[in-house]
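User: I am new to this structure and should like to understand the terms used to describe it. Please explain the reasoning behind each one.

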Amino acid sequence: MVLSGALQPGERVVELQFSARLGVSRTPLRIALTELEKEGLLERLPSRGFRVRAFTVDEIGDAVDVRGVLEGMAARLLAERGASQEVLDQLTQAVEEGRALLAPARRDPNTTVDARAWGQINRRFHEILCAASGNRALLSALEHNNKTPLAGPAALTLPSTPSLLETPFVLRAQADHEDLLRAITRREAVRAENLMREHAYRSRENKRVLLESLRGSLSAQPLLADSSA
């Protein structure tokens, strides 16, 4: 409802009202609203409830660029210091889970992947890598930056169902993770940083394409503000 434009920028989202409107109990709705707040799509109001945030494609792109710089620094620091075996095992597990999830799409490019499931794997990979950098100031800056809607590593898919448009994006992102893991394992610090920044650049372009596709497919007025205004 948020991305489709059914809820307009600035519109209040009151838990009790939406529970009745959607026909769901308040507990799962509260969890869903909290997740939307984490993704930056809603902001919590002091007087209870939430409000829909307005944002532009350019704002998302700027935040993803900043994320690339910060995560690139994290990758460099981790490679320079040397990742522990525990961290390498955790990153390897995320990479292997992603590879298994995307195996059908590798065999058949017309296969629609569960991009949301991969998005959770993606978020875990990024969180493990950044946390292992050991730089608290970096993590604080990253947390603040990722409050911009759709800027975080888990915010990959936008439509209500995965689409073939997303499949090559996800496959390339998975390949990036495999390259990053190799660079960190080999302690190739400069390469790790460059790979992560390129990874973020592709993420920015992917989100732009997906958002424009979503905007063009909706008959309702979209949530996204016109970045040319």
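Analyst: The model is a predicted one. Apart from neighbours within four places in sequence, Ile128 is in contact with Val87, Gln90 and Leu91. Ile128 itself belongs to helix H5, residues 115-132.

User: Why is Ile128 called buried?

Analyst: The relative accessible area of Ile128 is 14%. Buried means under 20%, so Ile128 is called buried. Between the C-alpha atoms of Ile128 and Gln90, which are 38 residues apart along the chain, the separation is 7.4 Å.

User: How do you know that the length of H4 agrees with its number of residues?

Analyst: H4 has 23 residues, and at 1.5 Å a residue these should span 33 Å. The end C-alpha atoms of H4 are 32 Å apart, which agrees with that expectation. H4 also has a kink of about 40 degrees at Leu101, shortly before the proline Pro104.

User: Which residues of H4 are buried, and what do they pack against?

Analyst: The buried residues are Val87, Leu88, Leu91, Ala94, Val95, Gly98, Leu102 and Ala105. They pack against helix H3 (57-81), H5 and helix H7 (167-185). An α-helix has 3.6 residues a turn, so residues three or four places apart point the same way.

User: What makes Arg187 partly exposed?

Analyst: Arg187 has a relative accessibility of 48%. Buried requires under 20% and exposed requires over 50%; the value lies in between, and therefore Arg187 counts as partly exposed. Arg187 is located in the loop between H7 and helix H8 (189-217). Although Arg187 is not a glycine, its phi is positive, at about 60 degrees.

User: Why is Ser203 called buried, and what makes its link with Arg67 a polar contact?

Analyst: Ser203, found in helix H8, has a relative accessible area of 13%. The cut-off for buried is under 20%, so Ser203 is buried. The side chains of Ser203 and Arg67 approach to 3.4 Å; a polar contact requires N or O atoms within 3.5 Å, so the distance satisfies that limit. Leaving aside neighbours within four places in sequence, Ser203 is in contact with Val64 and Arg67.

User: Where is the predictor's confidence highest and lowest among the elements?

Analyst: Helix H4 (residues 85-107) has the highest mean pLDDT, 95, and helix H1 (residues 15-22) the lowest, 62. Over residues 1-5 the pLDDT is below 50, and this stretch has 25 contacts in the model beyond near neighbours in sequence. Over residues 218-229 pLDDT stays under 50 as well. Where pLDDT is low, the predicted coordinates should not be read in detail. The chain averages a pLDDT of 80, with 76% of the residues scoring at least 70.

Technical notes
Residues numbered from 1 in each chain as written. Heavy atoms only, no water. Helix = DSSP H or I, 4+ residues; strand = E, 2+ residues; numbered from the N terminus. Buried < 20%, exposed > 50% of the residue type's maximum accessible area, 1.4 Å probe, protein only. Contact = heavy atoms within 4.5 Å. pLDDT = per-residue confidence, 0-100. Expected span 1.5 Å × (residues − 1). Bend = angle between axes of the 7 residues up to and from the residue. Polar contact = N/O pair within 3.5 Å; in protein donor to acceptor, adjacent residues only side chain to side chain.
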